[in-house]
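This report describes the salt bridges, the nonpolar core, a surface patch and one loop of the structure shown below.

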Amino acid sequence: VTASACRACGVRALALAADVGREQELQDAILRGEEWAAQDGGISVFVANAGVLTLGGLEASPETWDLGWRVNVMQIVWGAKSVVPLMAARGGGSFVVIASAAGLLTQHGALPYAV
(Lines give C-alpha, C1' and ligand atoms only; values in the text may rest on other atoms or scores of the structure.)
Protein backbone atom coordinates (compact mmCIF):
# COMPACT_ATOMS: atom_id res chain seq x y z
CA VAL A 1 0.00 0.00 0.00
CA THR A 2 2.81 2.45 0.79
CA ALA A 3 4.46 2.12 -2.63
CA SER A 4 1.03 2.55 -4.27
CA ALA A 5 0.39 5.70 -2.25
CA CYS A 6 3.77 7.10 -3.32
CA ARG A 7 3.07 6.33 -6.96
CA ALA A 8 -0.34 8.01 -6.67
CA CYS A 9 1.56 11.18 -5.71
CA GLY A 10 3.83 10.88 -8.74
CA VAL A 11 6.82 9.39 -6.94
CA ARG A 12 8.59 6.27 -8.24
CA ALA A 13 8.41 3.61 -5.56
CA LEU A 14 8.98 -0.12 -5.34
CA ALA A 15 7.77 -2.60 -2.73
CA LEU A 16 9.60 -5.94 -2.59
CA ALA A 17 8.59 -9.13 -0.80
CA ALA A 18 11.23 -11.01 1.17
CA ASP A 19 11.54 -12.99 4.38
CA VAL A 20 13.42 -10.31 6.32
CA GLY A 21 14.16 -12.85 9.03
CA ARG A 22 16.65 -14.39 6.60
CA GLU A 23 19.65 -12.15 6.00
CA GLN A 24 20.36 -13.38 2.47
CA GLU A 25 16.76 -12.85 1.32
CA LEU A 26 16.82 -9.30 2.65
CA GLN A 27 20.18 -8.58 1.01
CA ASP A 28 18.90 -9.98 -2.30
CA ALA A 29 15.79 -7.76 -2.11
CA ILE A 30 17.95 -4.71 -1.42
CA LEU A 31 20.13 -5.50 -4.43
CA ARG A 32 17.00 -5.88 -6.61
CA GLY A 33 15.81 -2.51 -5.29
CA GLU A 34 19.19 -0.92 -5.97
CA GLU A 35 19.13 -2.20 -9.56
CA TRP A 36 15.56 -0.92 -10.04
CA ALA A 37 16.46 2.49 -8.61
CA ALA A 38 19.74 2.82 -10.52
CA GLN A 39 18.22 5.14 -13.14
CA ASP A 40 17.40 7.56 -10.31
CA GLY A 41 20.76 7.24 -8.59
CA GLY A 42 19.96 4.24 -6.37
CA ILE A 43 18.02 3.66 -3.17
CA SER A 44 17.43 6.95 -1.36
CA VAL A 45 14.89 5.79 1.25
CA PHE A 46 14.73 2.46 3.07
CA VAL A 47 11.86 1.65 5.45
CA ALA A 48 12.24 -1.21 7.92
CA ASN A 49 8.61 -1.91 8.71
CA ALA A 50 8.46 -5.68 9.27
CA GLY A 51 7.43 -7.29 12.51
CA VAL A 52 6.13 -10.55 13.85
CA LEU A 53 4.05 -11.03 17.01
CA THR A 54 5.74 -13.68 19.13
CA LEU A 55 3.85 -14.75 22.22
CA GLY A 56 4.85 -16.34 25.50
CA GLY A 57 6.86 -15.58 28.59
CA LEU A 58 10.25 -16.80 29.64
CA GLU A 59 9.02 -20.32 28.87
CA ALA A 60 8.59 -19.52 25.17
CA SER A 61 10.42 -21.92 22.89
CA PRO A 62 13.86 -21.08 21.53
CA GLU A 63 12.29 -21.03 18.05
CA THR A 64 9.81 -18.35 19.15
CA TRP A 65 12.58 -16.20 20.63
CA ASP A 66 14.74 -16.70 17.53
CA LEU A 67 11.93 -15.78 15.12
CA GLY A 68 11.13 -12.59 17.05
CA TRP A 69 14.79 -11.64 17.27
CA ARG A 70 15.50 -12.19 13.56
CA VAL A 71 12.37 -10.43 12.24
CA ASN A 72 11.93 -7.67 14.82
CA VAL A 73 15.58 -6.80 15.50
CA MET A 74 18.12 -8.31 13.13
CA GLN A 75 16.31 -7.26 9.96
CA ILE A 76 17.09 -3.67 10.96
CA VAL A 77 20.79 -4.49 11.42
CA TRP A 78 20.95 -6.52 8.20
CA GLY A 79 19.08 -3.84 6.26
CA ALA A 80 21.41 -1.13 7.54
CA LYS A 81 24.48 -3.25 6.78
CA SER A 82 23.31 -3.65 3.19
CA VAL A 83 21.76 -0.28 2.32
CA VAL A 84 23.63 2.33 4.38
CA PRO A 85 26.95 1.88 2.52
CA LEU A 86 25.09 2.32 -0.80
CA MET A 87 23.48 5.53 0.46
CA ALA A 88 26.68 6.82 2.03
CA ALA A 89 28.57 6.37 -1.24
CA ARG A 90 26.07 8.75 -2.86
CA GLY A 91 26.16 11.30 -0.07
CA GLY A 92 23.26 10.11 2.09
CA GLY A 93 19.72 8.86 2.25
CA SER A 94 17.01 8.03 4.77
CA PHE A 95 16.85 4.83 6.82
CA VAL A 96 13.50 4.71 8.59
CA VAL A 97 12.62 2.18 11.32
CA ILE A 98 8.97 1.76 12.29
CA ALA A 99 8.64 0.02 15.65
CA SER A 100 5.88 -1.06 17.99
CA ALA A 101 4.84 0.66 21.18
CA ALA A 102 5.22 -2.78 22.80
CA GLY A 103 8.89 -1.95 23.20
CA LEU A 104 7.82 0.64 25.76
CA LEU A 105 4.88 -1.10 27.39
CA THR A 106 4.35 -4.82 26.99
CA GLN A 107 1.31 -6.98 27.60
CA HIS A 108 1.18 -10.16 29.63
CA GLY A 109 2.07 -13.10 27.41
CA ALA A 110 3.96 -11.09 24.79
CA LEU A 111 7.45 -10.96 26.30
CA PRO A 112 9.33 -12.26 23.22
CA TYR A 113 7.59 -9.64 21.07
CA ALA A 114 8.47 -6.76 23.39
CA VAL A 115 12.20 -7.48 23.45
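Aspartate 66 and arginine 70 form a salt bridge in which the closest N and O atoms are 2.8 Å apart; the term denotes a side-chain nitrogen of Lys or Arg within 4 Å of a carboxyl oxygen of Asp or Glu. The two residues are four apart in helix α3, and therefore about one helical turn separates them. Helices (H or I, at least four residues) and strands (E, at least two) are DSSP runs, numbered from the N terminus. The model is predicted: local features need pLDDT of at least 70, side-chain atom pairs count only at pLDDT 80 or more, and totals for chains, interfaces and linings use all residues. Residues are numbered from 1 along each chain as its sequence is written, and side-chain values use heavy atoms, with hydrogens and water left out.

**Salt bridges**

The structure holds five salt bridges, and the table lists three of them, including the pair already described.

| Salt bridge | Closest N to O distance |
|---|---|
| Aspartate 66 – arginine 70 | 2.8 Å |
| Glutamate 23 – lysine 81 | 2.7 Å |
| Arginine 90 – glutamate 34 | 2.7 Å |

The side chains of glutamate 23 and lysine 81 meet in one of these bridges. Glutamate 23 belongs to helix α2 and lysine 81 to helix α3, so the pair ties together parts that are 58 residues apart in sequence. A salt bridge also joins arginine 90 to glutamate 34. This pair links distant parts of the chain, with arginine 90 in the loop between α3 and β2 and glutamate 34 in helix α2, 56 residues apart.

Exposure is classed by relative accessible area: buried means under 20%, exposed over 50%, and partly exposed in between (1.4 Å probe, protein chains only). Glutamate 34 is buried at 16%, whereas arginine 90 is partly exposed at 35%. Glutamate 23, at 25%, is partly exposed, and lysine 81, at 49%, is partly exposed. Aspartate 66 is partly exposed at 38%, and arginine 70 is partly exposed at 22%.

**Nonpolar core and surface patch**

The largest nonpolar core (buried Ala, Val, Leu, Ile, Met, Phe, Trp, Tyr and Cys residues joined through side-chain atoms within 4.5 Å) has 11 residues, among them Val20, Leu26, Trp78 and Met87. At least two residues of this core come from each of α2 (23–37), β1 and α3. Helix α3 supplies the largest share, five residues. With neighbours within four places in sequence left aside, valine 83 is in contact (heavy atoms within 4.5 Å) with Ile30, Ile43, Phe46 and Phe95.

On the surface, Val45, Val47, Val96 and Ile98 form a nonpolar patch with about 310 Å² of accessible area together. Such a patch joins nonpolar side chains (Val, Leu, Ile, Met, Phe, Trp, Tyr) within 5 Å, from residues with over 30% relative accessible area and no salt bridge; areas come from the Shrake-Rupley method with a 1.4 Å probe. Valine 96 lies in strand β2 (residues 94–97) and is partly exposed at 35% relative accessibility.

**The loop between β1 and α3**

Leucine 53 is placed in the loop between β1 (45–48) and α3 (62–89), as is threonine 54. Leucine 53 is exposed, at 55% relative accessible area, while threonine 54 is buried, at 2%. The C-alpha atoms of leucine 53 and alanine 110 are separated by 7.8 Å, although the two are 57 residues apart along the chain. A polar atom of the threonine 54 side chain lies 3.5 Å from the backbone oxygen of proline 112. Beyond neighbours within four places in sequence, threonine 54 is in contact with Thr64, Leu67, Gly68, Ala110, Pro112 and Tyr113.

Methods:
Patches are made of residues with over 30% relative accessible area and no salt bridge: like charges are joined within 9 Å, nonpolar side chains (Val, Leu, Ile, Met, Phe, Trp, Tyr) within 5 Å. A polar contact is a pair of N or O atoms within 3.5 Å; within protein, one must be able to donate a hydrogen and the other to accept it, and residues adjacent in sequence count only if both atoms are side-chain atoms.
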